[in-house]
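Trainee: I'm new to this one and would like some help reading it. Could we take it feature by feature?
Mentor: Sure, let's pull it up.

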Amino acid sequence: MSFLPYAVAGWLFLVGLYGIVTSRNLIHLVVCLTVVQASTYVLLLAIGYRDDATAPIFADISTSRPVVDPVVATLTLTDVVVEATVAALLLSLAVQAHRRFGTLDPDELGALRG
Amino acid sequence: MSAVQAVALVVVALGGTAVVVTRDPARQALVTSVFGLSLAILFLAFQAPDVALSQIVVGAIALPAMIIYALRKVQRREEVEGGER
Amino acid sequence: MSRRLRLVVFGLGAAGLAALFVWGFAELPHFGDFDGAYGQLLADLTVPERHATSAVAVSTFDFRGLDTLGEEFILFTAAVGVLVLLRGQRAGETVAAEPIRAHHPTAESRTLRSVSVALAAPVLVLGAYVVAHGHLTPGGGFQGGVVLMTALLLVYLGGTHLRVGGMRPLTGMEAAEGAGAAGFALIGLGGIVLAASFLENFLPFGTTGNLISGGVIPLLNVSVGFEVMGALLVVIGELLDQRFLIRRGDQ
């Protein structure tokens with residue numbers, strides 16, 4: 001049972017990757033990429049978790065209580081906001097691709113064809 | 001591992017699968033919103049309230065909004081070009 | 001490469017990756033058995049050394065401040081990228097004029113409009129609260145910044161537009177984003193000038209639990225809050241062709 005968080009992280013990664021590979025719409029592809037990003041958040045927080053520990057905020061608890069790891073929370077919270085903006089950048093690339101090629105289907109984008 | 005964490009993990013896995021399986025981007029925006037909320041609950045169950053705060057706003061509000069606005073931009077262009085032909 | 005072939009290659013690759021995952025995750029400590037010394041050290045040092053109560057905020061802006069600087073500039077660069085892509089495209093074409101009320105998504109629903117506009121100010125205050133209390137409770141620059149962004153987005157959803165005196169609001173948002181990013185770097189440089197090293201905490205730490213404590217951390221929270229709000233609003237404004245930030249005829 002303690003394998004479940006890692007299994008969910010791995011599953012999200014593979015499912016997102018499957019969505020990217022089989023996508024027929026560039027915007028659908030970008031959203032599947034956010035699923036892959038979510039798998040990294042789950043993995044990071046699962047690694048930092050400690051049984052019977054509480055959140056690393058000492059505002060109302062004594063400093064001697066066990067807390068979960070604050071470093072992974074740091075990495076994940078900056079990551080969540082930043083990767084939303086990166087997703088916006090990819091969405092605007094998709095909009096530009098539609099303007100250039102008239103289609104959102106990745107199989108029909110023509111520029112890379114030899 | 002508590003029951004809340006186990007249930008939250010299963011819901012997140014199902015939500016991620018649902019996001020990928022939904023092919024229409026407009027519907028996918030709503031499914032992403034639900035997936036984002038379930039992720040926020042999972043982060044809260046993992047004792048990380050800071051991350052849950054960011055995830056609630058970004059995953060349930062900002063990201064679906066950006067998807068819908070990008071779709072609108074694409075459809076607006078299709079209307080304009082369709083009208084010109 | 002045909003779709004079928006691509007699926008087969010993906011299937012093989014995914015099977016291999018899944019096997020690697022199982023092998024790799026089996027080596028990790030069991031879930032809940034985290035025993036890293038570094039995280040424990042940071043959590044122990046938060047209150048005595050920095051007089052701030054949120055270990056996450058102190059890690060983000062003080063102990064691991066350099067990582068946050070990098071992440072913040074990723075945010076800035078992504079927003080600039082969106083601007084380059086979408087604004088350059090619009091320069092060469094005319095955007096169809098759109099009257100304020102017609103074809104607006106929430107034009108017909110009076111309830112939606114009233115509720116959206118009524119909520120904008122309380123959410124703004126909530127965002128400011130979250131930013132200001134970042135070093136004491138869960139919150140901080142990133143979280144508060146996205147809440148502030150939501151407040152201004154509610155104005156658009158309410159079917160109204162922002163107008164800030166004579167300045168165009170989109171310029172204001174760009175200024176906020178730039179000021180936030182520069183503010184972070186300048187405060188870091190202040191660490192070099194006034195203390196020993198870059199991003200070193202050089203202000204007095206104050207007493208634990210006060211709003212002004214933790215040294216430089218509240219300032220960094222505010223600058224990150226401005227930057228996140230500005231970046232997300234600029235990005236969403238570009239995706240909306242600037243419709244929610246200027247009124248037609250104010251071009």
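Mentor: Let's begin with an idea we need straight away: the bend at a residue is the angle between two axes, one fitted to the seven residues ending there and one to the seven starting there. Keep in mind too that this is a predicted model.

Trainee: Okay, so where does α5(C) bend, and by about how much?
Mentor: Look at A120(C): α5(C) turns there by about 30°. A proline, P122(C), comes along within four residues after that point. The helix itself covers residues 110-132 of chain C, 23 residues in total. From first C-alpha to last it reaches 34 Å, close to the 33 Å expected at 1.5 Å a residue.

Trainee: Which residues of α5(C) are buried?
Mentor: Those are A120(C), G127(C), V130(C) and V131(C). So A120(C) is both the site of the bend and a buried residue. The buried residues of α5(C) pack against two helices of chain C, α6 (141-157) and α8 (217-239).

Trainee: Let me zoom in on one of them. Why does G127(C) count as buried?
Mentor: The idea is to count neighbours: a residue is buried if 20 or more other C-beta atoms lie within 10 Å of its own. G127(C) has 24 C-beta neighbours inside 10 Å, so it counts as buried.

Trainee: And what is G127(C) in contact with, leaving aside its neighbours within four places in sequence?
Mentor: You'll find G144(C), V147(C), L148(C) and A151(C). Take G144(C) as an example: it lies 17 residues from G127(C) along the chain, yet 4.7 Å separates their C-alpha atoms.

Trainee: You mentioned α8(C). How many of its residues are buried?
Mentor: 22 of the 23 are, so α8(C) is largely enclosed by the rest of the structure. It reaches 33 Å from its first C-alpha to its last, close to the 33 Å expected at 1.5 Å a residue. After the helix comes D241(C), with a positive phi near 55°. While you're in chain C, check α3(C), residues 55-63, too: it's mostly covered, with 9 of its 9 residues buried. Among them are F61(C), D62(C) and F63(C).

Trainee: Now chain A. How do I describe two helices packed together?
Mentor: Two packed helices are described by the angle between their axes and the distance between the axes. Here, try α2(A), residues 26-48, and α3(A), residues 70-101: their axes come within 10 Å and cross at roughly 170°. An angle over 145 degrees counts as roughly antiparallel, and α2(A) and α3(A) are therefore roughly antiparallel to each other. Contact residues include L33(A) and Y41(A) of α2(A), plus V80(A) and L90(A) of α3(A). By class, that contact has 17 nonpolar, 4 polar and 2 charged residues.

Trainee: What about chain A and its partners? How many residues are in contact between chain A and chain B?
Mentor: 40 residues of chain A touch 34 residues of chain B. On the chain A side, α3(A) has the largest share, 13 residues. The class split on that side is 30 nonpolar, 9 polar and 1 charged.

Trainee: And how many residues does the contact take from chain A and chain C?
Mentor: Chain A gives 38 and chain C gives 48. Again α3(A) gives the most to the chain A side, with 16 residues. By class, that side has 24 nonpolar, 10 polar and 4 charged residues.

How values were computed: Residues are numbered from 1 along each chain as its sequence is written. Chains are lettered from A and ligands numbered from 1 in the order in which they are written. This is a predicted model: local features need pLDDT of at least 70, side-chain atom pairs count only at pLDDT 80 or more; totals for chains, interfaces and linings use all residues. Axes are lines fitted to C-alpha atoms, for helices over the stretch in contact, and angles run from 0 to 180 degrees between N-to-C directions. Angles under 35 degrees count as roughly parallel, over 145 as roughly antiparallel, 65 to 115 as roughly perpendicular and the rest as oblique. Two residues are in contact if their C-beta atoms, placed from the backbone, lie within 7 Å. Ala, Val, Leu, Ile, Met, Phe, Trp, Tyr, Cys and Pro count as nonpolar, Asp, Glu, Lys and Arg as charged, and the others, Gly among them, as polar. The expected span of a helix is 1.5 Å times one less than its number of residues. A residue is buried if 20 or more other C-beta atoms lie within 10 Å of its own, exposed if 12 or fewer, and partly exposed in between; C-beta atoms are placed from the backbone.
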